[in-house]
Amino acid sequence: MAQIKIENLRKDFGAFTAVQSSTFTVEDGEFFMLLGPSGCGKTTTLRMMAGLELPTSGRIYIDGEEVGQKPASQRDIAFVFQMFALYPHMNVGKNMSYPLLSQGMSRIDANARVAEVARLLGISHILTKPVGGLSGGDRQRVALGRAIVRNPKAFLMDEPLGALDAEFREHMAEELRALHDRMGATTVYVTHDQLEAMQMGDKIVVMNHGVVEQFGVPQDIYDWPASMFVAQFLGSPPMNFLRAHGLVGSGADSLALGEARITIPAQREGLSGDFALGVRPEHVRLNDSASLRGEIIATEYLGTTQIVTVRTSFGEVKARVASDQKVAVRTATGLHLDARNLSVFDAETGRALRSVANQGVLGLG
Amino acid sequence: MSYSVSDPSRRTKWIAGIAVTLYAVITILPLLWIIATGFKSPADSIAYPPKIFFEPTLEGYVNLFTTRTRVNPEEMAALPEAQTWYEQIVRDQGQIIAGPSRYGERFLNSVIIGFGSTFLCMILGTAAAYAFSRFRVPLKEDLLFFILSTRMMPPIAVAIPIFLMFRNLGLNDTHLGMILLYTAVNLSLSVWLLKGFIDEIPIEYEEAALIDGYTRFQAFIKVVLPQAATGIASTAIFCLIFAWNEYAFAVLLTSGTAQTAPPFIPTIIGVGGKDWPAVAAGASIFLIPVMVFTILLRKHLLRGITFGAVRK
């Protein structure tokens with residue numbers, strides 16, 4: 001197993017830049033998520049790690065060795081494709097032994113190794129079956145098996161659960177995570193599903209338009225997004241933005257939203273102009289005595305909680321409140337924002353302003 | 001009332017059945033006529049009105065494989081008893097066998113040239129189609145169009161230049177020349193057909209093989225080819241049928257050593273007038289290899305024609 005280090009990685013397809021200057025490190029044994037909307041460059045980044053695309057510039061280190069320009073066959077990594085890409089003309093066992101035979105392993109040793117991995121994945125009974133008739137879950141397991149048999153330095157997975165039914169995804173995600181924990185293998189996992197990323201990942205990189213927006217552990221990214229894009233991409237419903245124009249002083253611990261005065265974590269950076277105050281729905285409380293006013297326009301019942309949409313003069317705010325709280329649509333209400341969990345963004349650049357609360361996550365740069 | 005979009009009604013099935021049968025009869029009738037003529041006597045073969053029921057004889061087949069001379073009845077009487085059944089058939093016509101005919105050689109030429117060009121065409125076509133399908137080839141679209149444009153006129157339109165070229169290169173009347181010619185004519189269609197088939201194979205399979213530690217060439221041989229087998233088989237049938245049946249170039253460019261069966265069959269002249277049963281026998285035997293080849297690959301051919309229409 002190995003550490004993977006990406007430095008200033010860039011990929012151009014003609015005039016289109018798929019990835020521009022990515023830098024991050026995947027530590028040994030980590031379950032690492034590459035998260036972003038489609039077209040953000042996450043798959044291209046993964047394919048460059050695998051050697052299926054050669055980078056335009058930048059370096060990729062696997063286990064300290066620079067492999068950026070090496071062909072895939074010499075990198076000793078395994079790749080799990082979204083559509084599994086099981087060889088249709090081979091049965092399950094042959095599919096799994098295929099990577100071993102390429103290394104010159106004898107058929108007997110290869111079969112023994114395949115049997116061992118099949119036991120681990122619970123697919124021993126289908127080894128002689130053709131891959132054509134398998135269920136989605138079994139295909140997924142075979143694809144994993146084909147990756148595991150070789151004991152590669154790292155597993156690269158391109159939306160491996162994307163082709164499964166919603167119901168089954170959950171189950172497979174758990175299985176995958178359990179498998180990772182047992183083997184301790186470095187895994188890089190591409191997904192556009194923020195829930196999947198937070199649920200499974202040790203660390204997440206959020207990408208957008210070929211740029212790494214943020215890199216860190218799921219909770220840090222969720223609580224202290226580095227940009228408005230990250231704030232919106234993670235969480236369902238996403239973070240609310242209250243947009244206004246004015247002055248946020250460096251060192252200030254409150255800001256003005258019209259008449260209302262909102263307490264915020266002490267700022268380390270100031271701004272004069274358009275800003276957005278970001279707050280997660282679970283940090284908004286309906287409180288008639290609060291100075292920030294709005295009108296309830298909709299409620300959405302979700303079992304234990306409900307999502308209440310409130311229109312304010314700074315934009316709509318969704319609040320997650322207990323479902324036993326009585327809420328009447330088309331009535332006025334006050335909104336209390338939890339002062340410990342607020343972020344202020346520069347509305348023009350989308351960047352989060354550093355404060356006492358988030359500076360540890362965003363770093364000092 | 002139950003109604004189904006996908007299941008045709010009884011009446012539709014009947015009409016379809018009748019139409020297909022009618023078409024089959026129309027197509028097969030000339031073929032049956034040729035095969036029947038091969039077993040007729042020369043007199044029956046040109047009888048008018050045509051005979052549907054006749055006494056079958058192997059005269060045509062014997063005549064196809066032999067050359068014969070006519071002898072006087074006195075000389076015939078002086079000869080010893082015929083040794084074999086076919087010698088007897090020849091003597092019944094008042095002739096004796098002078099030697100074997102050239103049909104066997106011509107047939108072998110057809111096999112060598114037909115299968116040789118098909119084989120070469122498949123190798124070159126698959127390689128070119130793979131490259132067009134997978135690599136960033138400069139001017140790809142233009143090249144593909146250029147390749148196809150060679151089929152926009154009948155090949156015989158360039159017969160004269162090809163004839164002159166072959167004479168200068170010493171390819172006239174050689175197996176190699178004919179193999180190269182048929183390969184060149186078939187290649188454009190092959191590249192287009194095969195590119196379509198290879199396009200349908202997801203690139204992930206090769207990428208998986210690359211990551212599993214194989215080179216691109218190994219991935220091509222072990223992963224792409226097995227999956228393109230259907231396309232290769234159906235393309236091969238088209239190529240073989242063209243090369244096998246080609247007549248005009250064969251007449252023009254071959255006369256002796258490399259002559260194929262199609263130009264040879266019409267030249268079978270009997271003693272005293274065209275020997276139609278022998279000609280028909282020659283045509284019947286000529287059908288067999290393509291029929292066998294097509295039947296062997298029939299499953300692939302059907303799948304090949306409908307390939308890509310429905311995603312599994």
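**How the strands, domains and chains meet**

Mentor: Strand 1 (residues 4-13) and strand 4 (residues 57-62) of chain A run antiparallel and are joined by five bridges. This is a predicted model, where local features need pLDDT of at least 70, side-chain atom pairs count only at pLDDT 80 or more, and totals for chains, interfaces and linings use all residues. Residues are numbered from 1 along each chain as its sequence is written, with chains lettered from A and ligands numbered from 1 in the order in which they are written.

Trainee: What makes strand 1 and strand 4 of chain A a pair?

Mentor: Strands pair if DSSP finds at least two bridges between them; here there are five bridges, so the definition is met. One example is Ile6(A), whose bridge partner in strand 4 of chain A is Ile60(A).

Trainee: Why are strand 2 (16-26) and strand 5 (65-66) of chain A called edge strands?

Mentor: Each pairs on one side only. The open sheet of four strands has the order 2-1-4-5 in chain A, with antiparallel pairing. A strand here is a DSSP run of E, at least two residues, and a helix a run of H or I, at least four, numbered from the N terminus.

Trainee: Which residues count as nonpolar on the side of chain A that touches chain B?

Mentor: Ala, Val, Leu, Ile, Met, Phe, Trp, Tyr, Cys and Pro do; Asp, Glu, Lys and Arg are charged, and the others, Gly among them, polar. The contact (C-beta atoms, placed from the backbone, within 7 Å) takes 17 residues from chain A and 14 residues from chain B. Chain A's side divides into 13 nonpolar, four polar and no charged.

How values were computed: Two residues are in contact if their C-beta atoms, placed from the backbone, lie within 7 Å.
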